[in-house]
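Here is a set of exercises to work through with the model open beside you. Try each task before you read its solution.

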Amino acid sequence: MTHDMVTALRPLLTAEASAEAYSTGTEPGDLEQAVWLRLLERLDAEDPPADPQEWLRRAVRSEARRTRRTSRLERPYAVEPVDDGERGPEQLALAAARGRALRAAVRRLPGRCPRLMEALLSPEDPTYREIAGELGISQGSLGPERSRCLGCLRRLLAPEVAAG
């Protein structure tokens, strides 16, 4: 992808993502990141689109639809999950073992994922703004980055969960 193409498409993508973001309940920056990723994947697999502006408009709408579908499937808890506080030694030992296994898997993740996941798992419960500042990335790219890292973590843990 040439610098000229990015420069030419950036204002259009910003406008399209801003227009679609409200209907998805997401940040425009998250839509932008997803569309840039789709464009990079397309360029890696094939040639640039014949009509980049039209492709970009369709890609933004497609990502917005995907985000709406995903958010419809996600349901909040009816009530807040509660820690009953009456955990015996066995439950505490199992919870500690699960925590160690999770942290070990997080350390095996590629790229920035270990630092991002450690920040998300932190008992201090930092905000997205604090995490983005600590990692030196934009707050808008934190959601897509988190999704990619969680996908990697799922793939890493799938054999371990299946074996258990």
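The exercises below concern a predicted model, and each comes with a worked solution.

**Exercise 1. The helix at the start**

Describe helix H1: its span, its bend and the helices that its buried residues pack against.

*Solution.*
- Step 1: Begin with the span. H1 covers residues 3-24, which makes 22 residues. From its first C-alpha to its last it reaches 29 Å, close to the 32 Å expected at 1.5 Å a residue.
- Step 2: Look for a bend. At Arg10 there is a kink of about 35°, shortly before the proline Pro11.
- Step 3: Pick out the buried positions. Among them are Met5, Val6, Leu9, Leu12, Leu13 and Glu16; Ala17, Glu20, Ala21 and Thr24 are buried as well.
- Step 4: Find their partners. The buried residues of H1 pack against helix H2 (28-45) and helix H3 (52-73).
- Step 5: Step past the end of the helix. Gly25 follows H1, and its phi is positive, near 75°.

**Exercise 2. Two residues of H3**

Work out whether Leu56 is buried or exposed, then do the same for Thr67, and list what each one touches.

*Solution.*
- Step 1: Place Leu56, which sits in helix H3. Its relative accessible area is 0%, so Leu56 is buried.
- Step 2: Collect its contacts, leaving out residues up to four places away in sequence. Leu56 touches Leu9, Leu12, Leu13, Glu16 and Val35. Leu9, Leu12, Leu13 and Glu16 appeared in Exercise 1 as buried residues of H1.
- Step 3: Turn to Thr67, also in helix H3. With 17% relative accessibility, Thr67 counts as buried, because the cut-off for buried is under 20%.
- Step 4: Check the side chain of Thr67. One of its polar atoms lies 2.9 Å from the backbone oxygen of Glu63.
- Step 5: Add the contacts of Thr67 beyond four places in sequence, which are Thr24, Thr26 and Leu31.

**Exercise 3. The nonpolar cores**

Find the largest nonpolar core and say which elements give two or more residues to it.

*Solution.*
- Step 1: Count its members. The largest nonpolar core has 15 residues.
- Step 2: Identify the residues with the most contacts inside this core: Leu109, Leu116, Met117, Ile131, Leu135, Leu142 and Leu153.
- Step 3: Assign the elements. Two or more residues come from each of helix H4 (89-107), helix H5 (113-121), helix H6 (128-135) and helix H7 (139-163).
- Step 4: Note that another core, of 13 residues, lies apart from this one. Val6, Leu12, Ala59 and Val60 are among its members.
- Step 5: Zoom in on Met117. Setting aside neighbours within four places in sequence, Met117 is in contact with Val106, Leu109, Cys149, Leu150 and Leu153.

**Exercise 4. The cysteines**

Which cysteines form the disulfide, and why does Cys152 not bond with Cys113?

*Solution.*
- Step 1: Count the bonds. The structure holds one disulfide.
- Step 2: Name the pair. Cys113 is joined to Cys149, with an S to S distance of 2.1 Å.
- Step 3: Trace the pair along the chain. Cys113 is in helix H5 and Cys149 in helix H7, 36 residues apart, and the bond links distant parts of the chain.
- Step 4: Assign the handedness. The torsion about the S-S bond is about -80°, so this disulfide is left-handed.
- Step 5: Check exposure. Cys113 and Cys149 are both buried.
- Step 6: Test Cys152. Its closest cysteine sulfur is that of Cys113 at 5.2 Å, which is too far for a bond, because a disulfide needs sulfur atoms within 2.5 Å.

**Exercise 5. Glu145 and Asp125**

Decide for Glu145 and then for Asp125: buried or exposed?

*Solution.*
- Step 1: Start with Glu145, in helix H7. At 12% relative accessibility, Glu145 counts as buried.
- Step 2: List its partners. A polar contact of 3.2 Å joins the side chains of Glu145 and Arg148. Beyond four places in sequence, Glu145 is in contact with Arg112 and Leu116.
- Step 3: Move to Asp125, in the loop between H5 and H6. Its relative accessible area is 60%, so Asp125 is exposed.
- Step 4: Read the backbone. Asp125 has a positive phi of about 50° although it is not a glycine. Most residues other than glycine have a negative phi.

Note on methods. Residues numbered from 1 in each chain as written. Predicted model: local features only at pLDDT ≥ 70, side-chain atom pairs only at ≥ 80, totals over all residues. Heavy atoms only, no water. Core = buried A, V, L, I, M, F, W, Y, C linked by side-chain atoms within 4.5 Å. Buried < 20%, exposed > 50% of the residue type's maximum accessible area, 1.4 Å probe, protein only. Helix = DSSP H or I, 4+ residues; strand = E, 2+ residues; numbered from the N terminus. Contact = heavy atoms within 4.5 Å. Expected span 1.5 Å × (residues − 1). Bend = angle between axes of the 7 residues up to and from the residue. Polar contact = N/O pair within 3.5 Å; in protein donor to acceptor, adjacent residues only side chain to side chain.
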